[in-house]
Structure formats: C-alpha cells, structure tokens
Amino acid sequence: MPVEDVKNYLEQWNKGKDVREFEVSSATVELAALALGVDGARIAKTLAFRAPQETTPGGLPALLVVCAGDAKVDNAKFKNRFGLKAKMLGPDEVKAATGHAVGGVCPFAVNNALAEIYLDESLKRFTTVFPACGSSNSAIEMTCGELEECSRALGWVDICRLGQ
C-alpha cells in the first residue's frame, strides 16, 4: 500500500498531514534514525510473524508486533505469549499480509482480516516514537497512545528484550 493510502487511513484521526516523507531511505532502524535525526531506539519497527490459523483467534495468518528500534524479540517470551515459535514472514508474505513492502511495513492501513497487531512494552519508555508509513522513506511521530489508537492494536505485550 503506498504512503498515500496510509495518509488517507490516518485522516480518521486528522494525522495524515503529519506523515513525513524523505529524500533518503528510512527502510531500516539506522536509516530512519538518520533521516529523522533521532535515537534509533525511538524508531517503532513493525515485525511480521507467521501465525498458523490454529494458533490465533479468528484464524489470522500474521502477527504484527511494533517494538522499539533497539529491542530484539525474546523467543521464550514470544512463545509464552502467543503459544508458537517466533518465525518471521518472508518478503512476499509480508506484502500479502500487510499490503506494505519490507522497509515500509507499518501498523496502519493493514488488512485486519489478515493480521493481528500488538505493541511491545519496549516503546512505553518514550514520549513519542516514529513508525513507518507504508514506504521505505516515510514516518510519523506519535505518542504511544496515538500509536495504540491509530494502529487499532489488540493490546500491549512484553515479548522483547533491550540491547543489541
């Protein structure tokens, strides 16, 4: 889904105009931090995991978890919370499940019939964070409350550990 679709989606909250687009890539945490001039930990990266139908409510094929840029998924915590091993989706699967290509995956304008969205506690230490907006050169600044509302997240989870 192009960034214009995300802007249109965010207009429900009068936030479409707040999407920033860059002349440079923001496809990774490091590149996004450079483009925005912020600490990489404040980049809200969206990770897409395989979720077999039999293990998720409603039979949804993807779990999206938005976490801090310096957070890493803790496999034991993930398995304890979701009841399955953390297995990332491949690029084609990500595009099919979210409508966004790798490098621009975000929790906005996602087909919620195909994905469940959760926010990781690692984000809560920041006043504002910067998730992507559907392209490899876009982002938006949001409070955690705004991110929760605009992503229509199903809740907060604790599945990450901090540090590289």
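**Exercise A: two loop residues with positive phi**

Decide whether A109, at 11% relative accessibility, counts as buried or exposed, and then place A109 in the chain.

*Solution.* The relative accessibility of A109 is 11%, so A109 counts as buried; the cut-offs are under 20% relative accessible area for buried and over 50% for exposed, with partly exposed in between, using a 1.4 Å probe and protein chains only. The model is a predicted one, in which local features need pLDDT of at least 70 and side-chain atom pairs count only at pLDDT 80 or more, while totals for chains, interfaces and linings use all residues. Residues are numbered from 1 along each chain as its sequence is written, and side-chain values rest on heavy atoms, with hydrogens and water left out.

The next step is to locate A109, which sits in the loop between α4 and β5; helices (H or I, at least four residues) and strands (E, at least two) are DSSP runs, numbered from the N terminus. The phi angle of A109 is near 55°, which is a positive value in a residue other than glycine. R152 can be treated in the same manner: its phi is near 55°, again a positive value in a residue other than glycine, and R152 belongs to the loop between α5 and β9 (156-157). With a relative accessibility of 39%, however, R152 counts as partly exposed.

**Exercise B: the chain as a whole**

Describe the secondary structure of the chain and explain how its radius of gyration bears on its compactness.

*Solution.* Begin with the elements, which come to 5 helices and 10 strands. The radius of gyration, taken over C-alpha atoms, is 14 Å, close to the 15 Å that the globule rule gives for 164 residues, and the chain is therefore as compact as a globular protein of that length; the rule itself is 2.2 Å times the number of residues to the power 0.38. Along the principal axes, the C-alpha atoms fill a box of roughly 40 × 30 × 25 Å.

Burial and contacts complete this step. Of the 164 residues, 52% count as buried, and among contacts (heavy atoms within 4.5 Å) with a separation of 6 or more, 68% come from residues 24 or more positions apart.

**Exercise C: the nonpolar cores**

Identify the residues with the most contacts inside the largest nonpolar core and the element that gives the most to this core.

*Solution.* A nonpolar core is a set of buried Ala, Val, Leu, Ile, Met, Phe, Trp, Tyr and Cys residues joined through side-chain atoms within 4.5 Å. The largest one has 50 residues, and L10, F78, F82 and F108 are those with the most contacts inside it. Elements that give two or more residues to this core include α1 (3-10), β3 (62-68), α3 (75-82) and α5 (144-151). The greatest contribution comes from β3, with 7 residues. Another core, of 9 residues, lies apart from the largest one and has F22, V38, I43 and A139 among its members.

**Exercise D: I43 and its surroundings**

Starting from the position of I43 in strand β2, determine which residues I43 contacts beyond its neighbours within four places in sequence.

*Solution.* The relative accessibility of I43 is 6%, so this residue counts as buried. Once neighbours within four places are set aside, I43 is in contact with V29, A32, A33, L36, V38, C67, A68, G69 and F130. One of these partners, C67, is 24 residues from I43 along the chain, and their C-alpha atoms are separated by 8.2 Å.

**Exercise E: K15 and E121 compared**

Establish whether K15 is buried or exposed, and then examine E121 in the loop between β5 and β6 (128-131).

*Solution.* K15, which lies in the loop between α1 and β1 (20-21), has a relative accessible area of 11% and is therefore buried. Not counting residues up to four places away in sequence, K15 touches L10, I140, M142, E146 and C150.

E121, by contrast, is partly exposed, with a relative accessible area of 33%. Its contacts, leaving aside neighbours within four places in sequence, are W156, V157 and D158. E121 and I159 are 38 residues apart in sequence, and their C-alpha atoms are 8.0 Å apart in space.

The residue I159 also leads to N80 in helix α3, for the C-alpha atoms of N80 and I159, 79 residues apart along the chain, are separated by 8.7 Å. N80 is exposed, with a relative accessible area of 70%.
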